[in-house]
Amino acid sequence: MENIFIILLGLTMIYIAATSRLAGHINMLIAQGWLLFFVCLSGFAKEPWFNWHMISGSQAIMDNMPHIIGLLFVIVETLIVKAVVIPVFLKKVLKRTQAHRDTEANVPHFYSLFIASIILFGGFLVANIASPEFKLVDSMYFGVSLAIIITSLWLITIKHKVLSNVIGFITMENGIFLLSLSVAKEMPIIINLGVLLDIFIAVFILGMLVNEINNEFDDLEVAHLSDLKDYEYND
Amino acid sequence: MINLILLFPILAFVILALFKKKFLNNLMINLYAVIHFLVSMAFCLNIDFLPMWKPCRFFAVDDTNKIFLAVMSVVFLAVAVYNNGYVQKETSLTKKLRHYTYMVLFFVFSMTGAVLSSNLGVSWVFIEGTTLASAYLIYFHKTKHSIEAAWKYVFICSIGIALAFVGIILMTVATGNLNTLFYRDLYNNAPLFNHFWLQLSFVFILFGIGTKMGLAPVHFWLPDAHAEAPSPISALLSATLLNSAFLMIVNVFRIMVFAGCADYARIMLLVMGFLSLFITAVFVYHINNYKRMLAYSSIENMGILAIGTALGGVGMLAAIIHLIGHSLIKASFFLTSGNILETYGTKKIKAVTGLLKRDRRTGWLWVASFVGIAAFPPSVLFVSEFLMVKTMFLQKHYLICALFLILLTIVIYGLGKAVIRMAFSAEKDENQEETSEKVKLDWTMYVPQIVMLVIAFTIGIYMPQGLSQMVLMAVAGF
């Protein structure tokens with residue numbers, strides 16, 4: 001079941017690579033938030049301590065308190081932060097800055113689509129070839145998250161709008177989150193907290209900087225941000 | 001005592017937010033600096049004046065991070081003293097000043113946390129915290145250039161840190177059934193780790209945290225950020241932030257050593273170190289902004305630290321000595337550059353002429369800092385670089401040694417050319433009229449540099465028994 005969600009996650013990256021509308025990118029972020037949430041849920045449903053009868057008995061809930069806190073935490077992280085808070089915030093920024101399209105990417109959309117597909121294919125390939133080697137890692141998760149991270153990094157380099165760079169950063173964080181799910185043992189909770197902090201504050205700082213850049217330069221092109229050089233620069 | 005230095009900034013934060021008095025801003029920074037200094041000196045002397053107050057298990061002082069903490073304290077104290085004079089000149093807006101104070105406290109707090117943490121994950125969280133705090137400080141002047149620098153800084157470092165997190169995930173894979181990220185457990189169980197995943201994880205962590213440390217292929221934020229930040233912040237960035245990132249690399253490197261993958265790690269560190277030296281040698285030669293020049297010199301010195309770590313043994317010892325010297329001298333260099341910026345109002349090397357005539361003390365501090373950073377004999381950097389060269393000879397790496405010396409010479413030539421032109425050239429005519437209205441600088445803007453340089457030159461000649469003992473303890477196990 002969760003393989004479907006994971007494949008859909010990979011496909012969202014292809015959609016992001018192929019479209020230039022920033023609103024579309026943000027919608028894909030919402031989709032990724034939901035998909036990650038479903039992946040987590042199906043992971044939890046497979047855990048040995050989990051069964052549906054537990055909900056009625058308070059003793060069972062008390063016994064599994066750490067697991068339940070982990071579950072709640074994941075729900076907060078993926079659903080509330082990734083699928084609601086960040087997209088709403090980015091949409092606000094989008095509205096204020098009036099930057100709806102990122103048209104002048106360095107690579108045309110068709111090629112983007114093609115390259116993103118190749119990367120995703122490469123991810124599956126790595127997962128398939130190396131899967132006997134992975135003992136503690138779920139190969140499907142690993143391949144797709146690798147593809148998401150690489151595609152995001154590549155998209156950051158080719159896009160021209162500051163906001164699409166931020167979106168690329170968030171999709172990369174989503175890929176890393178998927179990677180941390182691929183490890184077949186529980187990550188210490190402090191790590192999850194850290195990731196949450198990372199995304200939360202980085203996005204807000206980046207969002208605020210986007211606003212400042214918009215005020216200062218009237219426009220969100222990355223090209224404005226290349227004035228600091230070693231030779232011939234005026235200060 | 002750990003609790004004291006970690007909780008005080010939060011307390012100061014609350015007090016500032018409640019009372020909003022202007023005099024509190026500097027008072028809090030100074031108070032924190034003094035407390036920080038006292039606590040770290042107590043750690044160095046193995047005195048615990050608050051034995052009842054135990055820290056939580058995520059923080060601990062050990063032989064290695066003790067030195068990093070002490071260096072940070074000295075630099076922070078100096079910067080705090082300098083800051084008193086600096087903010088008077090810089091801003092009169094109470095609100096802006098208050099935000100500045102918040103962020104300085106948060107910045108030092110997160111660096112302290114990163115240095116003291118005994119857990120890989122917690123170090124990572126605090127390193128992330130330093131990015132967030134210093135982003136505002138770099139953007140402090142609110143100009144187009146500072147926006148650009150802050151943007152690059154946040155973006156590049158966030159990506160770097162995210163990649164370091166990938167490294168941590170891979171590390172948990174490598175640890176097998178061990179479910180912990182405490183350094184102590186990782187060291188003890190390192191021989192059992194899976195080498196493939198461990199090596200992969202080291203690559204990610206080195207590149208990710210290397211971004212914060214300013215090692216060469218991923219250093220691009222560093223010159224911009226150091227040049228655009230206010231001078232006290234540049235000093236903090238260069239002399240303490242880069243070190244705290246370096247400590248994390250050292251800790252992970254130690255895991256590699258215990259796991260038996262040290263050769264692999266050494267090659268990577270060596271390559272990155274030499275790339276840093278090379279980049280600096282290329283760019284420092286024609287540079288026209290003196291703060292950028294200092295930033296490139298930081299990249300060079302971080303490269304030297306990486307090389308020293310890679311050499312191991314005496315090289316590692318030299319790296320720790322180099323770290324102490326570099327932090328003290330570079331902080332003094334950056335603070336002095338702040339004085340020049342106040343006096344001349346420009347960061348261009350060509351526009352600064354006759355520094356010694358214009359402001360004698362700043363001029364001599366500038367020259368003395370150069371002598372220190374160029375590792376001329378009384379400077380402690382001479383000792384460390386000499387030890388490094390000696391190690392290279394003993395390990396029979398003659399080619400590497402030659403390359404090291406050539407690159408260092410080019411860097412020194414590039415720096416020296418600019419510094420000597422700025423300090424000893426005749427004052428231009430157009431500046432003659434302005435000299436009548438000389439900028440008066442506060443005494444606090446000279447004393448910290450003098451003290452730091454005196455320490456750096458003194459330990460170059462005579463290293464006290466206690467300090468050399470501490471350095472030896474810090475590198476035990478490499």
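1. Packing of helix α2 of chain B. In this predicted model, the buried residues of α2(B) pack against three helices of chain B: α1 (2-19), α3 (63-90) and α4 (94-116). The buried positions of α2(B) are B:Asn25, B:Met28, B:Ile29, B:Tyr32, B:Ala33, B:His36, B:Val39, B:Ser40 and B:Phe43. Helix α2 of chain B covers residues 22-44, and its 23 residues should span 33 Å at 1.5 Å a residue; the C-alpha atoms at its ends are 34 Å apart, which agrees. Just after this helix, B:Asn46 adopts a positive phi of about 60 degrees.

2. B:Ala70, a contact of α3(B) with α2(B). B:Ala70 belongs to helix α3 of chain B. Setting aside neighbours within four places in sequence, B:Ala70 is in contact with B:Ser40 and B:Cys44; B:Ser40 is one of the buried residues of α2(B). The C-alpha atoms of B:Ala70 and B:His36 are 8.8 Å apart, with their positions 34 residues apart in sequence. B:Ala70 itself counts as partly exposed, because it has 18 C-beta neighbours inside 10 Å, where 20 or more would make a residue buried.

3. The pair α3(B) and α4(B). Two packed helices are described by the angle between their axes and the distance between the axes. For α3(B) and α4(B) the angle is about 170 degrees and the axes are 10 Å apart. An angle over 145 degrees counts as roughly antiparallel, and these two helices are therefore roughly antiparallel to each other. On the side of α3(B), the contact is made by B:Asn65, B:Phe68, B:Leu69, B:Met72, B:Phe76 and B:Val87; α4(B) contributes B:Leu97, B:Val108, B:Met111, B:Thr112, B:Val115 and B:Leu116. These contact residues comprise 10 nonpolar, two polar and no charged.

4. The nonpolar core. The largest nonpolar core has 240 residues. Among the residues with the most contacts inside it are B:Val75, B:Tyr153, B:Ile249 and B:Ala331. Helix α6 of chain B (residues 144-174) gives the most to this core, namely 22 residues. Beyond four places in sequence, B:Tyr153 touches B:Ala135, B:Ile138, B:Trp221 and B:Ala225.

5. B:Gly414. This glycine is placed in helix α17 of chain B, residues 398-424. B:Gly414 counts as buried because it has 22 C-beta neighbours inside 10 Å. Not counting residues up to four places away in sequence, B:Gly414 touches B:Val284 and B:Tyr285. The C-alpha atoms of B:Gly414 and B:Met293 are separated by 8.9 Å, although the two residues are 121 residues apart along the chain.

6. Positive phi in two loops. Most residues other than glycine have a negative phi. B:Ala375 is not a glycine, yet has a positive phi of about 65 degrees. B:Ala375 is found in the loop between α15 (360-373) and α16 (380-394) of chain B, and counts as buried, with 23 C-beta neighbours inside 10 Å. B:Lys396, also not a glycine, has a positive phi of about 65 degrees. B:Lys396 lies in the loop between α16 and α17 of chain B and is exposed, with 9 other C-beta atoms within 10 Å.

7. Chain A. Chain A contains eight helices and zero strands. Of its 235 residues, 36% count as buried. Among contacts in chain A between residues at least 6 apart in sequence, 79% join residues at least 24 apart.

Key
Residues numbered from 1 in each chain as written. Chains lettered and ligands numbered in written order. Predicted model: local features only at pLDDT ≥ 70, side-chain atom pairs only at ≥ 80, totals over all residues. Helix = DSSP H or I, 4+ residues; strand = E, 2+ residues; numbered from the N terminus. Expected span 1.5 Å × (residues − 1). Buried ≥ 20, exposed ≤ 12 C-beta atoms within 10 Å, placed from the backbone. Contact = placed C-beta atoms within 7 Å. Axes fitted to C-alpha atoms, helices over the stretch in contact; angles between N-to-C directions. Parallel < 35°, antiparallel > 145°, perpendicular 65-115°, else oblique. Nonpolar A, V, L, I, M, F, W, Y, C, P; charged D, E, K, R; others polar. Core = buried A, V, L, I, M, F, W, Y, C linked by C-beta atoms within 7 Å.
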